[in-house]
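Let's take a friendly walk through a protein model together. Have the picture ready, and we will go from a few strands to whole chains.

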Amino acid sequence: MKTKKIFTYLIVALLSFTLLAGCSPKAPTDQPAADVVKIGGNFELTGGVAEFGKKGENGAKLAIKEANEAGGVLGMQIEYVGADNKSEAGESTAATTKLATQDEVIGIIGPMTSGNTLAAIPVITEYGIPLVTPTGTNSTLTVTEAGALNDWVFRACFIDPFQGEVAANFAMDTLGATKAALVIDQKGDYAKGLAASFKETFEKAGKEIVASEQYVAGQDTDFRAILTNIKNKQPDIIFIPGYYNEVGMIIKQARDAKIDVAILGGDGWGTGPIVDIAGKEAMNNTYYVDHVAADDPALADFAAAFKAEYNQDADSFAALGYDAAKLLIAAIEKAGSTDKEAIRVALETMSGFAGISGDINVDSATHNPQKSASILKFVDGEKIFAARVDPK
Amino acid sequence: MKLFNVKNLIRLLVLMVVYGIIQYLFINKAINPFYMMTLVLVCIYIILAVSQNIITGFTGQLALGHAGFMAIGAYMSALVVVRMQGSLVAGIIFGALMAAAAGMLIGLPTLRLRGDYLAIATLGLGEIVRIFFLNMDYLGGATGFSVPKTIDWTWAFWLMALSVFLMSSFINSSHGRACISVRENEIAAEAMGINTTKYKVMAFTMGAFFAGLAGAIYANYMYLIHPGTFSFLKSFEILAMVVLGGLGSITGSVVGAGVLTIISAGLADYPEFRMVIIALVMIILMVYRPNGLLGNKELKLDFLRIKKKG
Amino acid sequence: MGSVSDLIIQQIINGISLGSIYALIALGYTMVYGIIQLINFAHGDIMMVGAYIGWFCTTTLMLSFIPALIIAMFFTALLGMLIERIAYKPLRHATRLAVLITAIGVSFFLEYGGILILTPQTRTFPEVFPQTVYEFGNITFKYGDVVIILTTVILMAILTLVVKYSRVGKAMRAVSFDKEAASLMGINVDNTISATFAIGSSLAAAAGVLIGVYFNTINPLMGIMPGLKAFVAAVLGGIGIIPGAMVGGLVMGLVESFVSGIGFSTWRDAAAFFILIIVLIVKPTGLLGKNIREKV
Amino acid sequence: MALLTVDKLSMSFSGLKAVSNLDMEINEGELVGLIGPNGAGKTTIFNMLTGVYLPTGGSITFQGKKTNGVPTYKLSHLGIARTFQNIRLFGDLTVIENVKIAYHQHVSYNMLSGMFRLPAFYRGEKDMEEKALDFLKIFSLDDKAQELAKNLPYGQQRRLEIARALATKPSLLLLDEPAAGMNPQETRNLMELIRWIRKEFNLTILLIEHDMSLVMGVCERIYVLDYGINIAHGTPDEIKSNPRVIEAYLGEEAI
């Protein structure tokens with residue numbers, strides 16, 4: 001009986017705590033102090049793609065920490081306010097609303113996925129807050145299907161069509177492929193976007209896509225059925241524009257099924273565990289498009305700092321999170337004020353920004369950064385620089 | 001007895017006061033848009049929880065496919081509003097009706113199943129619905145489907161009030177009692193002339209209708225609908241609200257939906273702990289109050305009752 | 001690659017291998033359900049914990065496969081008993097729905113507690129067993145496939161023997177039949193249920209470690225989908241029936257392989273659920289289940 | 001005229017014959033008893049008559065219509081009501097709600113009137129409330145109307161079951177051991193009640209009972225069942241002196 005009572009009190013206490021945390025209006029007393037710049041982060045901290053969200057957030061946090069250590073921005077310290085979108089579109093809308101209206105941030109970094117970014121756009125547009133997504137690569141984020149520009153959205157990465165094109169050209173010109181198979185993550189528009197532009201480029205050159213198979217990221221672990229189909233079609237190369245988690249498993253299972261052809265992918269591959277998952281041997285004869293040359297010294301510094309801060313290996317998610325935050329901070333510096341419209345204009349006209357993922361020149365008509373891409377090749381588990389492709 | 005008796009008028013008054021206070025606070029910026037969004041979500045979840053309660057708490061059928069009906073309502077209303085340029089009202093009605101139709105279609109064969117079998121079958125159906133929309137590129141597919149925000153707090157609140165009124169009226173009518181008799185003892189209900197299949201399907205269809213309505217409100221409020229939102233975890237969440245509030249208690253579902261949604265929003269600043277705390281609340285509450293916060297009792301406005309002389 | 005028949009045989013092998021993974025997880029599910037009629041939604045997450053313990057043993061403690069497996073099974077058995085004592089036992093007389101909600105709560109707790117403690121990062125196993133690939137013409141399968149299929153079959157056989165002939169197995173059957181009568185017969189119901197959870201959870205751990213090693217990725221949310229699929233497999237075969245888990249798992253695996261094989265990979269989950277619904281409607285107690293009539 | 005005719009009715013459960021080749025005829029207004037030792041198949045017959053079980057052989061004719069395979073609820077609409085050996089009330093509902101549910105098949109408003117609280121709903125509910133209270137009064141349960149059915153004492157639960165069955169407005173009432181668990185005084189009251197409701201509601205009653213005083217006291221005709229076979233039927237006096245009945249009840253040694 002006694003424990004029962006204690007637990008009842010515990011629950012009541014817990015509930016009232018959360019209710020208070022949730023309901024107490026912070027409005028007037030909580031106004032940001034004049035010497036603090038508030039930057040929000042809307043990341044996938046829980047749910048299906050939490051791993052990427054966490055990496056991206058850590059990258060962004062590191063950038064902010066470094067900026068603060070170097071004296072902040074416009075002489076003010078930067079305060080980072082995080083929000084979790086649970087890897088879910090609706091929650092992303094809610095998290096953005098929270099950042100915009102409760103925390104009153106002047107800029108937002110994140111989310112990592114295009115879908116969650118799409119869900120944030122109406123809110124930032126309504127409240128006029130510039131947003132920089134580290135890895136939202138879908139082309140419609142900045143320019144809608146109807147051709148309208150989303151004024152407040154920017155990104156630190158190149159867009160899907162560019163990557164797909166780069167990969168297709170590499171497959172045809174360097175690898176001499178004429179028959180390609182696609183393995184697409186059905187859940188992600190990222191993979192679909194890459195695959196679509198790959199296919200377009202490839203077919204335009206008169207080559208053939210012999211198979212197009214789909215899987216569901218975060219759910220599937222067994223890809224043998226689709227790989228059996230692909231093997232049957234005998235392609236010269238396989239293009240897998242997914243995230244490293246599934247890609248690692250697919251490559252492993254493909255090699256186990258004695259599919260020895262070259263395998264190509266996008267920047268979603270760019271993290272360490274892909275080699276651990278697939279195995280060094282299986283990763284031979286695979287290539288992927290990345291933002292950075294692995295031997296760039298700036299990247300090495302970042303990787304070391306990241307490792308020291310979070311005891312985690314940096315990857316392209318972390319790097320792009322870092323760059324997205326730095327891009328936003330640079331824009332504030334350039335704007336010379338914390339006025340959101342001024343920051344937006346500064347982002348729109350940003351050029352020559354030196355990020356660790358490459359130099360960024362924002363195209364003011366599309367808000368897409370003009371970045372060069374690198375193609376990296378795996379040799380015994382090591383990434384080797386294979387080619388650099390500049391934007392046209 | 002009439003619709004506009006003192007009790008109902010007081011209820012209406014309370015609703016209007018609640019609405020008025022919140023609206024006043026919002027206009028005066030004491031409630032920021034994030035809290036407002038939370039309140040709208042509370043309204044949406046109340047509709048979902050009460051409609052799940054109709055199926056599970058009152059009719060005794062453990063169905064776990066509510067997210068699927070919500071998805072149908074959301075996508076079908078978006079279809080009307082975005083793709084066919086229809087009005088919001090038409091969208092909401094179409095969404096809810098399509099969900100109800102799906103509920104009836106699904107209910108007819110599956111409601112013959114009992115207990116856990118029904119649960120797993122409906123869970124499977126919910127997933128099939130989600131996978132269907134995932135494959136529908138016409139409705140956004142994996143990217144999600146952008147829907148303009150045309151619903152505000154006023155809409156959500158009064159639609160919620162109307163839904164709860166209709167569902168509680170149903171449960172307190174002879175047809176609702178027939179549903180309850182199915183929960184209480186199916187064989188005896190049959191022997192008393194209750195066509196149990198019919199009432200199960202009726203409850204299921206009604207639950208689906210209001211889940212679809214909630215989905216339509218969600219779609220037209222949240223800017224973007226995405227198949228991932230309607231996974232079976234959403235059905236679990238809704239069921240958890242119902243059970244926490246108390247099976248067979250309408251006001252319990254209202255409280256359960258409110259508490260869980262607000263806890264989730266209130267812990268937004270502690271994302272790592274949020275789900276762990278929600279999980280703990282679920283476990284502790286069930287262990288110490290297995291019948292939910294309110295059991296099958298209703299919260300009443302008795303404290304407002306005018307005392308009779310004598 | 002060659003003929004259509006090769007293709008079909010390869011898909012059958014794929015299906016059997018995938019199916020035995022489902023079956024392996026389903027064994028624990030069906031076991032717990034058989035005794036206390038609880039859908040232990042946390043089963044998939046217990047599997048995840050088992051996989052992590054195995055991972056910890058093989059990476060940090062540098063143990064080899066078998067000791068890692070045994071340690072994982074042991075600690076997960078303890079965890080299973082602990083969960084039962086804390087979260088399920090107090091609810092023995094509550095409605096089944098309340099227990100179900102608790103199970104969902106435990107599942108969330110393990111998943112998000114896992115994210116909190118272990119971070120959402122994907123972990124990989126070292127090579128703990130040979131990565132040999134066997135080739136017969138165009139048809140391939142792996143050493144890991146053989147291990148999983150054999151483990152499933154052996155565990156199923158042991159489990160059947162235990163339930164049929166051992167003391168605790170007899171007690172389990174008695175408890176599943178009638179708790180009160182069993183306790184009147186001098187059977188310690190609580191201990192029997194604890195034992196059931198211990199066995200069920202250690203089976204989950206075995207599945208977790210094997211799956212972790214086989215696919216070489218583990219993360220805190222890895223249990224959700226396989227858990228659900230395995231439960232579907234258990235229901236499909238007839239829940240509470242040990243060979244039913246195998247049958248259900250194999251059916252699921254083959255269906256998924258063939259649906260993918262004919263080019264509808266995006267619909268394969270839908271197809272699995274669809275088959276489940278059809279089976280349930282035609283034969284509500286599953287493929288191997290017996291119909292039970294309520295006494296009027 | 002025969003209200004209910006049962007012709008060569010058989011039921012077997014996976015080969016086990018529970019009832020075989022039963023012939024039975026019940027005329028309108030009769031009060032008939034069905035007796036037999038435990039496991040003789042009496043309740044199985046009730047379950048067949050009410051459509052819970054589908055007979056494996058033979059036919060049932062009610063009011064001139066063949067009713068094999070007709071679902072339970074439709075039989076209730078046709079006028080067959082029953083009580084249960086193991087009481088099956090709607091335990092978590094109030095006493096009056098139990099009766100109202102049985103009255104549901106005669107409800108005067110539709111679902112939408114109920115949902116939207118149209119005037120028809122209030123009229124219908126008022127009518128239902130009055131009718132239900134009338135039934136409860138007959139069984140002196142009106143003062144317990146707002147109590148939960150599961151909280152009633154045993155005897156009152158039995159009475160409520162009969163009240164609930166009557167609310168369906170049946171022409172044939174099947175009572176499954178109505179006196180089980182009652183003391184002799186309660187049983188005598190029950191006998192009076194059964195006689196009275198038969199007259200008042202113009203009922204035909206078939207009852208299963210172990211309590212011989214009740215069966216012999218109220219029934220006009222009796223069927224005796226043993227191992228699913230009808231071994232005798234006739235007036236109470238005939239049954240009392242039938243050697244086969246005595247044998248079935250007392251065992252062979254008694255002869």
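We begin in chain D, where strand 3 and strand 8 (residues 204-208) run parallel and are joined by four bridges. In this pairing, G33(D) stands opposite L207(D) of strand 8. A word on terms: strands are DSSP runs of E with at least two residues, helices are DSSP runs of H or I with at least four, and both are numbered from the N terminus. Two strands pair if DSSP finds at least two bridges between them. The model you are looking at is predicted, so local features need pLDDT of at least 70 and side-chain atom pairs count only at pLDDT 80 or more, while totals for chains, interfaces and linings use all residues. Residues are numbered from 1 along each chain as its sequence is written, chains are lettered from A and ligands numbered from 1 in the order in which they are written, and side-chain values use heavy atoms, with hydrogens and water left out.

Strand 3 of chain D has another partner: it pairs in the parallel sense with strand 9 (residues 221-226) of chain D, over four bridges. Here I35(D) has V224(D) as its bridge partner. How many of the residues of strand 3 of chain D are buried? Five of its five residues, 31-35, are buried, where buried means under 20% relative accessible area, exposed means over 50% and partly exposed lies in between (1.4 Å probe, protein chains only). In a regular strand the side chains alternate between the two faces of the sheet. You can follow this in strand 3 of chain D, where L31(D), G33(D) and I35(D) point one way and V32(D) and L34(D) the other.

Chain D also holds an open sheet of four strands in the order 2-1-4-5, with antiparallel pairing. Its edge strands are strand 2 (16-27) and strand 5 (65-66), each of which pairs on one side only. Strand 5 of chain D is joined to strand 4 (residues 57-62) by two antiparallel bridges, and T61(D) has K66(D) as its bridge partner there. Whether parallel or antiparallel, strands of a sheet pair through backbone hydrogen bonds.

Now move to chain A, which has 13 helices and 15 strands. Strand 8 (residues 237-239) and strand 9 of chain A pair in the parallel sense over three bridges, and F239(A) is matched with L264(A) in strand 9. Strand 9 (residues 262-265) of chain A is covered on both faces: A262(A) and L264(A) lie on one side, I263(A) and G265(A) on the other, and all are buried. Of the 392 residues in chain A, 61% count as buried.

Chain B offers another picture, with twelve helices and two strands. Along the sequence they follow the pattern α-α-α-α-α-β-α-α-α-α-β-α-α-α. The radius of gyration, taken over C-alpha atoms, can be set against a globule rule of 2.2 Å times the number of residues to the power 0.38. For the 310 residues of chain B a compact globule would have a radius of gyration near 19 Å, and chain B agrees, with 19 Å. Its C-alpha trace spans about 60 × 50 × 40 Å along the principal axes.

For a close look inside chain B, find G245(B) in helix 10 (residues 232-245). Is G245(B) buried or exposed? G245(B) counts as buried because its relative accessibility is 0%. Leaving out residues up to four places away in sequence, G245(B) touches G252(B), S253(B), G256(B), G292(B), L293(B), L294(B) and G295(B); a contact means heavy atoms within 4.5 Å. The C-alpha atoms of G245(B) and L260(B), 15 residues apart along the chain, are separated by 9.8 Å.

Our last stop is chain C, with eleven helices and two strands. From the N terminus on, these elements run α-α-α-α-β-β-α-α-α-α-α-α-α. The radius of gyration of chain C is 19 Å, close to the 19 Å that the globule rule gives for 296 residues, so chain C is as compact as a globular protein of that length. Its C-alpha atoms fill a box of roughly 65 × 50 × 35 Å, taken along the principal axes. Buried residues make up 60% of the 296 residues in chain C. Among contacts in chain C between residues at least 6 apart in sequence, 73% join residues at least 24 apart.
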